[in-house]
Amino acid sequence: MKIRKNQRKTIIFLFLLVLIAVLLISYFKYQKVPVSPRYSSLINNYIDQARQRDSNALKIYEMNINRIINEYEPKLNTAADEAAKETASYSSCCAIIYYMAWDKIKNQNETDEYMQQKIRPFLEPLAKSFEKEMNDAFAGFEYELKKSTVQLANDLAAINKNDGIDITTNVDELSKPDIQQALRNLGFNSPFIGASIALDLTALYKSNFGKFIAQKIKSIAAHIFAKQIPKVVALPVIAGADGPLPFGDIITLIGGLWTAYDIHSSQKKFEAEITTSLKNMIVETKDTAHKQSINQAKNLMEKYQVVQGEIETQTISRLE
């Protein structure tokens, strides 16, 4: 039977309609269902809450470290006064003159070690206590980030509660949780954060109050004791000695080369300049510690917010 031209057009048209319908059905069948506006708004709200918690934790952390720094700064300044007074005592000045002459002849570093022995007992205990309190504050800040992240996971898991996930976690009762395990318990696979790195304020203290400050004080001593050091260098007793003299002999030897006027004027000037150097170093150390702690806290917060973003992504994927 011969198909008329009009019938052929109709058949072709119907075939194209069926083909388009099949293609559309196939397309929509394999498309993910978008997250409903209600869920989207809820997710965004929980993310905003997490970000606000993180921001508040950072503000509180900065308040804590400012409090610690303000508490320790006057203590360190008092210790600097005491360290300068001890280092500029009569016996100490005699020893420094002697050791500087000895180092010049023997090419050693007895002066640096001696000055560290004078300064360290006053500043090091405070520095260690300061470091502990700063690290305790940092650990507290990280714990708040952990709580915030687990709270977000708990909130978002509740949206999908029909998945059989336990959402009864009481975030406030978490005891220093392992973040990955806590999130796995809520059905999320998160990027590995790893152990946080403690603030290395010991290295900061040693770099500022170690070799650097010893060199600074030695430079001051070389200027103030410019008359006495060459006299000691010229003494045969030093050139022929196998090791430094006993401390009492040092005092006797140097005291015989030093007038009462020299002792008084040099000591006062030496103490004042040591005090200034130590206090300048305290200010520098304080500022560096503050900057270092805030930068490290911000970097840590970014790591946790990457995890929070992954939790959001996984939640959206489940709801599609």
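## Helix packing exercises

**Exercise 1.** In this predicted model, determine how the axes of H4 and H10 are arranged, and describe the contact that the two helices make.

*Solution.* The axes of H4 and helix H10, which covers residues 260-319, come within 10 Å and cross at roughly 15°. Angles under 35 degrees count as roughly parallel, and H4 and H10 are therefore roughly parallel to each other. As to the hand of the crossing of H4 and H10, it is right-handed. When the residues of this contact of H4 with H10 are sorted by class, 20 are nonpolar, six are polar and three are charged.

**Exercise 2.** Work out how H3 is oriented with respect to H4, and state which residues bring the two helices into contact.

*Solution.* Begin with the axes of H3 and helix H4 (residues 110-159), which come within 8 Å and cross at roughly 155°. Because angles over 145 degrees count as roughly antiparallel, this crossing makes H3 roughly antiparallel to H4. On the H3 side, the contact is made by Ser-91, Ser-92, Ala-95, Ile-96, Tyr-99, Met-100, Trp-102 and Asp-103, while H4 contributes Glu-110, Thr-111, Tyr-114, Met-115 and Lys-118. Sorted by class, the residues of the contact of H3 with H4 are seven nonpolar, three polar and three charged.

**Exercise 3.** Test whether the end-to-end distance of H3 agrees or disagrees with the span expected from its number of residues.

*Solution.* Helix H3 runs over residues 90-106 and so has 17 residues. The expected span is 1.5 Å times one less than the number of residues, which for H3 gives 24 Å. The end C-alpha atoms of H3 are 24 Å apart, and the two values therefore agree. After H3 comes Asn-107, a residue with a positive phi, near 55°.

**Exercise 4.** Decide whether H3 is mostly covered or mostly uncovered, and list its buried residues.

*Solution.* Taking buried to mean under 20% relative accessible area, one finds that 12 of the 17 residues of H3 are buried, and the helix is mostly covered. These buried residues of H3 are Ser-92, Cys-93, Cys-94, Ala-95, Ile-96, Ile-97, Tyr-98, Tyr-99, Met-100, Ala-101, Trp-102 and Asp-103.

**Exercise 5.** Place these helices in the chain as a whole: how many helices and strands does the chain have, and what percentage of its residues count as buried?

*Solution.* The chain has 10 helices and zero strands, giving the pattern α-α-α-α-α-α-α-α-α-α along the sequence. Of its 320 residues, 40% count as buried. Turning to contacts between residues at least 6 apart in sequence, 86% of them join residues at least 24 apart.

Conventions:
Residues are numbered from 1 along each chain as its sequence is written. This is a predicted model: local features need pLDDT of at least 70, side-chain atom pairs count only at pLDDT 80 or more; totals for chains, interfaces and linings use all residues. Side-chain values use heavy atoms; hydrogens and water are left out. Helices (H or I, at least four residues) and strands (E, at least two) are DSSP runs, numbered from the N terminus. Buried means under 20% relative accessible area, exposed over 50%, partly exposed in between (1.4 Å probe, protein chains only). Axes are lines fitted to C-alpha atoms, for helices over the stretch in contact, and angles run from 0 to 180 degrees between N-to-C directions. Angles under 35 degrees count as roughly parallel, over 145 as roughly antiparallel, 65 to 115 as roughly perpendicular and the rest as oblique. Contact means heavy atoms within 4.5 Å. Ala, Val, Leu, Ile, Met, Phe, Trp, Tyr, Cys and Pro count as nonpolar, Asp, Glu, Lys and Arg as charged, and the others, Gly among them, as polar. A crossing is left-handed if the near helix is turned anticlockwise from the far one by less than a right angle, and right-handed if clockwise.
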